[in-house]
Amino acid sequence: MRPFPPEVRAQVIELDGGMCQWPGCGHPATEIAHLHSRGSGGTPDGRRDAIPNLMCACYRHARYTDGETGGDAYGYYLDAHYTLLGRQARHLAAHPERLAWARAEALGRHLARVRSWTDIPASMPSDGTP
Ligand SMILES: [Zn+2]
């Protein structure tokens with residue numbers, strides 16, 4: 001995996017307090033995850049490494065945001081989506097791409113609510129590229 005620019009990584013960790021931001025998780029983060037990941041079709045506007053598309057995640061939820069379900073883990077994967085999306089997840093379970101898109105959008109709305117955007121310096125890069 002391509003590393004993030006250090007300043008982007010530091011800002012995401014600060015915004016999220018170093019904790020997984022999947023609703024209801026609260027475990028310490030092990031990595032920075034993309035909401036709209038390559039595995040889920042990429043970002044709508046190409047800003048893959050922009051801060052609104054990034055969050056701190058524990059190992060399991062980082063795999064989920066990448067769309068990795070790992071065989072036996074598929075049940076846990078769907079359960080996590082039911083928690084995040086409610087009944088919508090049941091309707092989308094048969095459509096992995098649409099489920100991934102709905103997941104990314106729901107996580108984005110969640111982050112927009114819980115993050116303190118005023119903490120982001122005005123010099124924040126518009127995307128992850130230096
Ligand atoms: Zn988590």
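The following exchange takes a few terms applied to this predicted model and sets them against their definitions.

Visitor: What makes the model one to read with confidence limits?
Guide: It is predicted, and local features need pLDDT of at least 70, side-chain atom pairs count only at pLDDT 80 or more, while totals for chains, interfaces and linings use all residues. Residues are numbered from 1 along each chain as its sequence is written. The chain averages a pLDDT (the predictor's confidence in each residue, from 0 to 100) of 84, and 82% of the residues score at least 70.

Visitor: How do you know that the span of H5 is close to the expected one?
Guide: The expected span is 1.5 Å times one less than the number of residues. Helix H5 (a DSSP run of H or I, at least four residues) covers residues 96-114, and its 19 residues reach 27 Å from first C-alpha to last, against 27 Å expected.

Visitor: Why are the buried residues of H5 said to line one face?
Guide: Leu 99, Ala 100, Arg 103, Ala 104, Leu 107 and Leu 111 are the buried ones (20 or more other C-beta atoms within 10 Å of their own, the C-beta atoms being placed from the backbone; exposed is 12 or fewer, partly exposed in between). Seen down the axis, they fall within an arc of 135°, so they line one face of the helix; the arc is that of the directions from the helix axis to the C-beta atoms. On the other side, Arg 109, Ala 112 and Arg 113 are exposed.

Visitor: What makes S1 and S2 a pair?
Guide: Pairing requires at least two DSSP bridges between two strands (E runs of at least two residues). Here 4 bridges join S1 (residues 31-34) to S2, and the strands run antiparallel. Glu 31 stands opposite Ala 57 in S2.
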